[in-house]
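Student: I would like to take a close look at one part of this structure and see how it fits with its surroundings. Could you walk me through it slowly?

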Amino acid sequence: GVLDIQMFVDYLCPICGQFEQTNGAYISSLLENGATTVEIHPIAILDRLSQGTKYSTRAANAAACVANYSPNQFYDFHNALFANQPAENTTGLSDDELIALTADAKVDKADKIAECIKGQNFKAWVGNSTARALNGPIPNSNVDKVTGTPTIIVNGVKYEGSISDLASFQAFVIQAAGEDFNASSTATPTPTPAP
């Protein structure tokens, strides 16, 4: 009864930002209720739209730095990247601005994360992750390869509906989940023997 949501996103992608604005609170509520797991795959396909600063790669690298050193704050940082998303054809956020967002997300090991962001320690990983997504296939799904962002996959099936229609996404989630799904369910407690 627990959903699996996979999200392939580029942090410069305005359509990703619209999807997040429309559906982010709903996905967060599913997470908080134990109704879903969420896999976020940051990729960099829009570097050409950041005036030479390679913002997509730098933002995905920053996300990887947070995931590596402060995994419990990754989702908050992911949300902060979209809440502070720069427009295409701008330089994007600077490294210092990305580091400031880690403070907003209350990360652990802030100094290590700052070094990681400035050193682009996960730049090669971002390139490899992007190549895997673009070349496919996407494991545990019906998706041959990512052809654009956002690519949202629920229980192995790609969402093809409107990115700005919450009701459409909710209906898709319910259909993908099947009859056993309850969006407000909580994790089942472990039974204990009665005396």
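Tutor: Happy to! What follows starts with one helix and then moves out to the parts around it. Please keep in mind that this is a predicted model.

Let's begin with helix α1, which covers residues 14–32. It has 19 residues, and the distance from its first C-alpha to its last is 26 Å, close to the 27 Å expected at 1.5 Å a residue. The helix also has a kink of about 55 degrees, and that kink is centred on Asn23. Asn23 is one of the buried residues of α1. The others are Cys16, Gly17, Phe19, Glu20, Gly24, Tyr26, Ile27, Ser28 and Leu30.

Look at how those numbers are spaced along the helix, and keep one general idea in mind. An α-helix has 3.6 residues a turn, so residues three or four places apart point the same way. You can try this on Cys16, Phe19, Glu20, Asn23, Ile27 and Leu30, which are among the buried residues.

What covers the buried residues of α1? The cover includes three strands, β1 (3–9), β2 (36–42) and β3 (151–154). It also includes two helices, α3 (74–83) and α7 (166–177). After α1 comes Gly34, which has a positive phi near 75 degrees.

Strand β1 is part of that cover, so let's visit two of its residues, cited here with their own surroundings. Asp4 has its place in strand β1. At 18% relative accessibility, Asp4 counts as buried, because the cut-off for buried is under 20%. Setting aside neighbours within four places in sequence, Asp4 is in contact with Thr36, Thr37, Glu39, Ile153, Val154 and Asn155. Gln6 is also found in strand β1. With a relative accessible area of 4%, Gln6 is buried. Leaving out neighbours within four places in sequence, Gln6 is in contact with Glu39, His41, Ile138, Pro139, Asn140, Ser141, Thr151, Ile152 and Ile153. Glu39 appears among the contacts of Asp4 and among those of Gln6.

You can also use these two residues to get a sense of distance. Asp4 and Asn79 are 75 residues apart along the chain, and their C-alpha atoms are separated by 19 Å. Gln6 and Leu81 are likewise 75 residues apart along the chain, with their C-alpha atoms separated by 18 Å.

One of the contacts of Asp4, Asn155, deserves a stop of its own. Asn155 has a positive phi of about 50 degrees although it is not a glycine. Its place is in the loop between β3 and β4 (157–158). Asn155 is partly exposed, with a relative accessible area of 34%. Lys54 is another residue other than glycine with a positive phi, near 55 degrees. Lys54 lies in the loop between β2 and α2, and at 45% relative accessibility it counts as partly exposed.

Past that loop we can follow helix α2 (residues 55–69), which packs with helix α6 (residues 123–135) at an angle of about 105 degrees, their axes 9 Å apart. That makes α2 roughly perpendicular to α6. On the α2 side the contact is made by Thr57, Ala60, Asn61 and Ala64, and on the α6 side by Lys123, Trp125 and Val126.

The loop between α6 and β3 holds Pro137 and Pro150. The peptide bond from Gly136 to Pro137 is cis, with omega near -10 degrees. The bond from Thr149 to Pro150 is cis too, with omega near 0 degrees.

For a last stop, compare another pair of helices. Helix α4 (residues 95–104) and helix α5 (residues 110–119) pack at an angle of about 150 degrees, with their axes 10 Å apart. That makes α4 roughly antiparallel to α5. The crossing of α4 past α5 is right-handed. Asp95, Asp96, Leu98, Ile99 and Thr102 in α4 meet Ile113, Ala114, Ile117 and Lys118 in α5. Thr102, found in helix α4, is buried at 2% relative accessibility. Not counting residues up to four places away in sequence, Thr102 touches Val66, Phe77, Val107, Ile113 and Ile117.

Conventions: Residues numbered from 1 in each chain as written. Predicted model: local features only at pLDDT ≥ 70, side-chain atom pairs only at ≥ 80, totals over all residues. Heavy atoms only, no water. Helix = DSSP H or I, 4+ residues; strand = E, 2+ residues; numbered from the N terminus. Expected span 1.5 Å × (residues − 1). Bend = angle between axes of the 7 residues up to and from the residue. Buried < 20%, exposed > 50% of the residue type's maximum accessible area, 1.4 Å probe, protein only. Contact = heavy atoms within 4.5 Å. Axes fitted to C-alpha atoms, helices over the stretch in contact; angles between N-to-C directions. Parallel < 35°, antiparallel > 145°, perpendicular 65-115°, else oblique. Left-handed = near helix turned anticlockwise from the far one by under 90°.
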